[in-house]
Amino acid sequence: MENIMKQFHVGIQLYGVRNAMERDFEGTLKALADMGYEYVEFAGYYGHTAEEIKAILDKYGLKCISAHQALDFYDEDPDAAAEFLKAFGVKYSVIPWYGKEKLAGTDEWAASAERFKKVGAVLKAHGMKLGYHNHDFEFEKYEGKYLHDYIFDEVGDLIDPELDTCWVHYAGINPADKIREFAGRVEIVHLKDFVCEELGGGPAYDLIDNSGKGLGKKSREDNGFQFRPLGTGRQNFLEILEACEASGTEYVIVEQDQTYDIPELEAAKISRDYLRETFGL
């Protein structure tokens with residue numbers, strides 16, 4: 001067993017078991033609790049009220065620390081939206097994806113930053129926090145700086161990163177280094193494993209055909225990219241967890257966006273067993 005001193009709270013992003021959730025909402029949550037998950041991070045509510053969600057979580061001893069929630073959720077009645085999430089325990093409302101065409105270096109960036117600040121202020125008034133979940137494209141640069149980092153410099157303490165270690169690594173960056181860079185602001189970190197042929201989203205230069213015409217970078221599929229249960233891909237989770245421990249992380253959230261040859265719940269169990277057997281979590 002690897003030597004990790006801190007007993008992180010272990011959760012799972014429910015997007016990774018979305019098909020099971022759609023078939024059997026309560027049964028899936030029970031199965032995850034039986035595996036040893038303590039926390040869940042929602043990505044959709046499958047028609048359930050906040051009260052129903054809270055009752056089911058309580059029934060199986062689960063807690064909800066966070067939810068992936070698009071910003072348009074707050075457009076009509078931001079206070080009511082925040083109260084909905086707070087009713088079943090959400091502390092972090094996390095932006096799951098935000099288009100690159102609206103980030104730094106575009107005409108939309110100023111409006112995006114103001115939107116982040118506005119929702120962040122609403123959540124703060126409710127004792128909650130806005131989070132941002134990255135993909136790989138936020139680690140492209142504009143004027144020498146990552147698009148990702150513009151968000152946190154501009155919006156300030158109204159937003160925290162939820163670093164997705166798979167996408168950070170796939171972009172060609174050591175996820176442990178990025179976690180340490182945001183020490184004190186990374187209460188939640190996504191643990192996600194993967195395989196691929198080359199990091200950095202593919203080769204450093206465009207592929208070319210026989211005439212010298214650029215073909216563009218490899219797609220993820222052409223680069224052999226696939227998601228994997230924890231411990232079966234290329235991530236160094238000891239290094240990642242050590243960085244989490246040093247940086248004030250409290251919650252580690254297992255996420256596997258897609259499975260290929262095994263059921264979602266089987267993959268979730270492999271990941272949970274890996275954390276328990278390897279790190280005592």
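## Helix packing around a closed barrel

The crossing of helix 2 and helix 3 is right-handed, and this pair serves as the starting point for a description of a model that is predicted. Helix 3 covers residues 50–59, and its axis lies 10 Å from that of helix 2, the two being packed at an angle of about 35°. On the side of helix 2 the contact is formed by F25, E26 and L29, while helix 3 contributes I53, I56, L57 and K59. Sorted by class, the residues joining helix 2 to helix 3 are 5 nonpolar and 2 charged, with no polar residue.

Helix 2, which spans residues 25–35, also meets helix 10, residues 264–279, with axes that come within 10 Å and cross at roughly 25°. Angles under 35 degrees count as roughly parallel, and helix 2 is therefore roughly parallel to helix 10. The crossing of helix 2 with helix 10 is right-handed. In this contact T28, A31, L32 and M35 of helix 2 face L265, A268, K269, R272 and R276 of helix 10. The residues of the contact of helix 2 with helix 10 comprise 5 nonpolar, 1 polar and 3 charged.

A further helix pair is found between helix 5, residues 109–125, and helix 6, residues 147–155, whose axes are 10 Å apart and which pack at an angle of about 55°. At that angle helix 5 and helix 6 are oblique to each other, and their crossing is right-handed. W109, A113, F116 and K117 of helix 5 make the contact with Y150, I151, E154 and V155 of helix 6. Here the classes are 6 nonpolar and 2 charged residues, with no polar residue in the contact of helix 5 with helix 6.

The axis geometry of these pairs is set out below.

| Helix pair | Crossing angle | Axis separation |
|---|---|---|
| Helix 2 and helix 3 | about 35° | 10 Å |
| Helix 2 and helix 10 | roughly 25° | within 10 Å |
| Helix 5 and helix 6 | about 55° | 10 Å |

Turning from the helices to the strands, the model contains a closed barrel of 8 strands, which runs in the order 1-2-3-4-5-8-9-14 with parallel pairing. Neighbouring strands of this sheet are turned against each other by 30° on average, when direction is ignored. Within the barrel order, strand 2 is followed by strand 3; strand 2 takes in residues 39–42 and strand 3 residues 63–68, and the two pair in the parallel sense over 4 bridges. In general, the strands of a sheet pair through backbone hydrogen bonds, either parallel or antiparallel.

One position in this pairing can be followed in detail. K63 belongs to strand 3, where it stands opposite Y39. When neighbours within four places in sequence are left aside, K63 is in contact with E38, Y39 and V40. By contrast, the C-alpha atoms of K63 and D222, which are 159 residues apart along the chain, are separated by 39 Å.

For the protein chain as a whole, the secondary structure amounts to 10 helices and 14 strands. Its C-alpha atoms fill a box of roughly 65 × 45 × 35 Å, taken along the principal axes. The radius of gyration of the protein chain is 19 Å, which agrees with the value near 19 Å that a compact globule of 281 residues would have.

How values were computed: Residues are numbered from 1 along each chain as its sequence is written. This is a predicted model: local features need pLDDT of at least 70, side-chain atom pairs count only at pLDDT 80 or more; totals for chains, interfaces and linings use all residues. Side-chain values use heavy atoms; hydrogens and water are left out. Axes are lines fitted to C-alpha atoms, for helices over the stretch in contact, and angles run from 0 to 180 degrees between N-to-C directions. Angles under 35 degrees count as roughly parallel, over 145 as roughly antiparallel, 65 to 115 as roughly perpendicular and the rest as oblique. A crossing is left-handed if the near helix is turned anticlockwise from the far one by less than a right angle, and right-handed if clockwise. Contact means heavy atoms within 4.5 Å. Ala, Val, Leu, Ile, Met, Phe, Trp, Tyr, Cys and Pro count as nonpolar, Asp, Glu, Lys and Arg as charged, and the others, Gly among them, as polar. Two strands pair if DSSP finds at least two bridges between them. The radius of gyration is taken over C-alpha atoms; the globule rule is 2.2 Å times the number of residues to the power 0.38.
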